[in-house]
Amino acid sequence: MRYTRLGNTGLEVSGITLGCMSFGAPDRGTHSWSLGEEASREIIKQALDAGITTFDTANVYSAGSSEEITGRALKDFARRDDVVIATKVFNRMRPGPNGAGLSRKAILTEIDNSLRRLGTDYVDLYQIHRWDPATPIEETLEALHDVVKAGKARYIGASSMYTWQFAKALYTADLHGWTRFVSMQNHYNLIYREEERDMLPFCADQGIGVVPWSPLARGRLTRPWDARTARSDTDEFGKTLYHPEDRTVVERVADVAGKHGVNQAQVALAWLSHQPVVTSPIVGVTKAAQLADAVASLDVVLGQDEIALLQEPYRPHEVAGH
């Protein structure tokens with residue numbers, strides 16, 4: 001495993017982050033493919049044994065069950081100071097007023113709920129899951145600053161939004177002397193590269209760590225284009241992200257994988273690792289072999305000609321994932 005700094009902070013994270021959305025009690029989740037606790041613990045233990053130290057979850061995943069499972073496993077299998085725990089806030093957790101969003105009330109309530117479920121006194125990275133157009137960014141940032149100053153989070157991060165929104169947030173934090181976002185968790189992979197237009201150059205300029213979600217395009221990059229899985233059949237959000245014209249990119253991934261004698265997942269993740277602005281892709285898995293592929297991808301070296309071959313057939317997409 002390799003380790004790197006998160007943006008211009010001193011925080012060291014593993015080259016692969018384990019995404020924990022696939023962990024959750026079946027009776028509390030909306031994903032039929034999520035793993036129960038026993039299977040989830042096996043994956044988390046395997047990740048730790050492979051040197052992965054960074055784990056990303058969210059309050060909304062399986063209605064809090066993902067945080068509970070992740071927290072219990074890390075408490076049993078690792079020392080708290082040896083792992084980096086990231087979680088997120090924004091999405092609806094309960095019906096009625098103030099059950100979602102990034103108001104001061106919501107943030108201060110949800111950080112305590114997340115800490116209780118995770119079984120820890122603090123998270124290393126507390127991220128806003130999306131931009132909240134209903135709440136002034138000043139209110140959100142001051143609340144997050146107070147969370148950090150209270151010792152409940154070490155750093156704060158953001159997730160998919162427009163670059164102008166992220167720039168506004170960073171400027172506002174600087175203006176008031178509040179805690180600054182140190183990371184961007186955005187939608188980025190070989191068949192969705194719209195972030196290269198503005199967001200990624202901005203992150204590079206500002207020293208922001210980039211931790212992409214869906215680095216394997218929800219599995220599209222790991223298998224033949226027409227292959228179907230339980231997740232692809234039931235993932236309504238995922239069906240809106242990728243299109244028939246992306247098939248050629250997937251075929252190029254297969255060609256390069258064949259030349260290296262590895263599978264498609266390793267090549268797709270290796271391409272991300274070759275992007276200088278990317279810190280640590282967030283990889284969600286449901287099988288031991290998938291996790292092994294993610295770790296092995298760090299050893300796949302792509303030539304510049306291969307990178308060009310993979311990138312050449314890309315076609316612009318509508319902005320998706322915000």
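Between which two elements does the loop that holds Ser22 lie? The legends below begin with that residue, and every view shows a predicted model.

**View 1. Ser22 and its surroundings in the loop between β3 and α1.** Ser22 belongs to the loop that lies between strand β3 (17-19) and helix α1 (37-49). With a relative accessible area of 5%, Ser22 is buried, because a residue counts as buried when this value is under 20%. Leaving aside its neighbours within four places in sequence, Ser22 is in contact with Trp33, Ser34 and Leu35, and also with Val285 and Thr286. One of these residues, Val285, offers its backbone oxygen to a polar contact, which the side chain of Ser22 reaches at 2.8 Å.

**View 2. The cysteines Cys20 and Cys203.** Cys20 has a relative accessibility of 1% and therefore counts as buried, and Cys203, at 0%, counts as buried too. A disulfide is a covalent bond between the sulfur atoms of two cysteines. When a disulfide is taken to be a pair of cysteine sulfur atoms within 2.5 Å, the count for this model comes to zero.

**View 3. A nonpolar surface patch made by Tyr162, Trp164 and Val319.** Tyr162, Trp164 and Val319 together make a nonpolar patch of about 340 Å² on the surface. Of these residues, Tyr162 is found in the loop between strand β7 (153-159) and helix α5 (163-176). Tyr162 has a relative accessibility of 41% and so counts as partly exposed, since this class lies between the 20% limit for buried and the 50% limit for exposed.

Methods: Residues numbered from 1 in each chain as written. Predicted model: local features only at pLDDT ≥ 70, side-chain atom pairs only at ≥ 80, totals over all residues. Heavy atoms only, no water. Buried < 20%, exposed > 50% of the residue type's maximum accessible area, 1.4 Å probe, protein only. Patch = residues over 30% accessible without salt bridge, like charges linked within 9 Å, V, L, I, M, F, W, Y side chains within 5 Å. Areas by Shrake-Rupley, 256 points an atom, 1.4 Å probe, with all protein chains shown as cover. Salt bridge = Lys/Arg side-chain N within 4 Å of Asp/Glu carboxyl O. Helix = DSSP H or I, 4+ residues; strand = E, 2+ residues; numbered from the N terminus. Polar contact = N/O pair within 3.5 Å; in protein donor to acceptor, adjacent residues only side chain to side chain. Contact = heavy atoms within 4.5 Å.
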